[in-house]
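This report concerns a predicted model. It treats the sheet and its pairing first, then the packing, and finally two individual residues.

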Amino acid sequence: MKSGADRNKGTFIVKVMNTQNSTWQGSLTWVEEQKTQNFRSALEMIKMIDGVLEGNTEIERGNDEV
């Protein structure tokens, strides 16, 4: 089981600005680091969150480009 510090390292605010092509576009804010990044799809947003939870210190875009 993860310790309390590991469980609390990922608080995110998701702001959906638009829906287009059956997915979301908006911004993702990582509360603990006060960093915001825009995303172009729900998949990209999930990859950004996963990257932070895996230990990256930056919110980085996923590589779901065609």
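Strand S2, which covers residues 23–30, pairs with S3 in the antiparallel sense, and five bridges connect the two. Within this part of the model, Gly26 stands opposite Phe39 of S3. On the packing side, helix H2 (residues 42–53) lies against the sheet and touches S1, S2 and S3. The direction of H2 makes about 25 degrees with that of S2.

S1 and S2 also run antiparallel, joined by eight bridges. Here Thr19 stands opposite Trp24 in S2. The hairpin of S1 and S2 has two residues between the strands, and in this hairpin Asn21 adopts a positive phi near 55 degrees.

The two pairings are set side by side below.

| Strand pair | Sense | Bridges |
|---|---|---|
| S1 and S2 | antiparallel | eight bridges |
| S2 and S3 | antiparallel | five bridges |

Taken as a whole, the three strands make up an open sheet in the order S1-S2-S3, with antiparallel pairing. Strand S1 (12–20) and strand S3 (35–39) each have a single partner strand and stand at the edges, so one side of each is left without a neighbour in the sheet. On average, and with direction ignored, neighbouring strands of this sheet are turned by 15 degrees against each other.

Two residues may now be examined individually. Is Ser27, a residue of strand S2, buried or exposed? Ser27 has a relative accessible area of 11%, and since the limit for buried is under 20%, Ser27 counts as buried. Leaving aside neighbours within four places in sequence, Ser27 is in contact with Ile13, Val14 and Lys15, as well as with Thr36, Gln37, Asn38 and Phe39. Of these contacts, Phe39 is also the residue that Gly26 stands opposite in S3.

Glu58 is placed in the segment after H2. Its relative accessibility is 40%; because partly exposed denotes the range between under 20% and over 50%, Glu58 is classed as partly exposed. Which residues does Glu58 touch, not counting those up to four places away in sequence? They are Trp30, Lys35 and Val52. For Glu58 and Lys35, which are 23 residues apart along the chain, the C-alpha atoms are separated by 8.1 Å.

How values were computed:
Residues numbered from 1 in each chain as written. Predicted model: local features only at pLDDT ≥ 70, side-chain atom pairs only at ≥ 80, totals over all residues. Heavy atoms only, no water. Pairing = 2+ DSSP bridges. Helix = DSSP H or I, 4+ residues; strand = E, 2+ residues; numbered from the N terminus. Axes fitted to C-alpha atoms, helices over the stretch in contact; angles between N-to-C directions. Contact = heavy atoms within 4.5 Å. Buried < 20%, exposed > 50% of the residue type's maximum accessible area, 1.4 Å probe, protein only.
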